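Q: Please take a close look at one part of this structure for me, and set it against the chain as a whole. I work with cut-offs every day, so do give them as you go.

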Amino acid sequence: MSGIWRHTQHIAKRNVPNRSLSLGRGCTLAITLLVCLLAAALASDAATITVNTISDELNADGDCSLREAIRSANTDTPVDGCGGGRGPDEIRFAPGVVPETFTITLAGADEDSAETGDLDITDDLIITGAGAADTVIDGNQLDRVFHVIGPVTVELNGLTIQNGQTQSGGGIRSEAVEGGAGFSMLKITQSMIRDNTASNDGGGINIKPGNKLELTDSRVLNNSAGDDGGGIEAEAGSDITIADSTFTDNTASRGGGIDNEGGITVTDSLVSENEATDDGGGIRNEEAADRNSPTSSRLTILNSTIRENTAHNRGGGIRNENEGTVIIMNSIRSMVTPLPTMGIGTAGVVSIIAAT
Ligand SMILES: [Ca+2]
Ligand SMILES: [Ca+2]
Ligand SMILES: [Ca+2]
Ligand SMILES: [Ca+2]
């Protein structure tokens, strides 16, 4: 590259003005070629890493486990039989391990390099399973399953994520690295998040402050949290989009299905048969200004159904607290709760438009 640049400069200096037009075109062509070559190099700057064993291991026996694949993708260097990532990699699964359950067996929580316990993702990554029924990642109740540590963009497609257990984010926790710049984007499609447990917040998924989640065409089932957010805990300033998805049979103290301190839009989805031992059986929307939130909490529900959720205190369907904002449009709400709240217990603004 530097040779081409030096050559171009040399030609430009030694040519007379009346040839400048043709030289200008030459320079343009050279720069265009350079840009094309750079673009091609960048486009190929990713690897597909193929998992071919169900064993949870980090060793040198010649195969490629899921943990080894994630280490390879994180570090962009070969790890055992995983060829070595290059930038924003994709992990896939060999036909020999479909259908299979990948069970975490290397114990060791509170570790962030994917060496033990949860599978820590620290670089842009796509994990493409064979479908939620065929590629199951099981936390074995040793730790959470996936830990996204940003700022990174991560896509999880066609997976079941189950039996994770920890304090926060039983199935998945997504955050920006502490003190670092930027936030993470987590995209989950055609996946199942089930049977995960958090002793504090986010039984299924915990999105830390400021981070983003897009959950599409997925199911969040039978997760539980000791405090807030049985299915999902959305912390202050987080930005969450949920579409074509279901939340069922999740439980928590507050926000059985979803607990929101950020901004959530729920479209074409079902929130059903979730339970809170305190407030917000289906969803709790909580103004988080008292936690240094950059924004007020906002919950928008479009073309969705909220039914048969239970709260043992306030807001069987939805509990809106502390001046949070809730907008419900074109949706069905049939919410089980102590009367007289009709399923919505609120201390803030609730706008219901064309809901039945
Ligand atoms: Ca191996
Ligand atoms: Ca990588
Ligand atoms: Ca971790
Ligand atoms: Ca770990």
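A: Happy to, and the contacts are a good place to begin. In the protein chain, 76% of the contacts between residues at least 6 apart in sequence join residues at least 24 apart, a contact being two C-beta atoms, placed from the backbone, within 7 Å. Please keep in mind that this is a predicted model, in which local features need pLDDT of at least 70 and side-chain atom pairs count only at pLDDT 80 or more, while totals for chains, interfaces and linings use all residues. Residues are numbered from 1 along each chain as its sequence is written, with chains lettered from A and ligands numbered from 1 in the order in which they are written.

The chain has three helices and 35 strands; these are DSSP runs numbered from the N terminus, helices being H or I of at least four residues and strands E of at least two. Of its 356 residues, 50% are buried, that is, have 20 or more other C-beta atoms within 10 Å of their own.

Now to the part itself, strand β11. This strand covers residues 172-176, and because four of its five residues are buried, β11 is largely enclosed by the rest of the structure. Strand β7 (residues 146-150) runs parallel to β11 and is joined to it by five bridges; strands pair when DSSP finds at least two bridges between them. One such bridge links G150 with A176 of β11. Strand β15 (residues 205-207) is also parallel to β11, through three bridges, and its N206 stands opposite R173.

From β7 the path leads to the core. The largest nonpolar core has 57 residues, and A69, I121 and V148 have the most contacts inside it; such a core is a set of buried Ala, Val, Leu, Ile, Met, Phe, Trp, Tyr and Cys residues joined through C-beta atoms within 7 Å. Helix α3 (residues 66-75) gives the largest share of this core, four residues. A second, separate core of five residues includes A198, A225, A252 and A276. Leaving out residues up to four places away in sequence, I121 touches F146, H147, V148 and I149, among others.

A69 brings us to V51, in strand β1 (residues 48-51). Beyond its neighbours within four places in sequence, V51 has contacts including A69, L66 and I91. V51 counts as buried because 27 other C-beta atoms lie within 10 Å.

Conventions: Buried ≥ 20, exposed ≤ 12 C-beta atoms within 10 Å, placed from the backbone.
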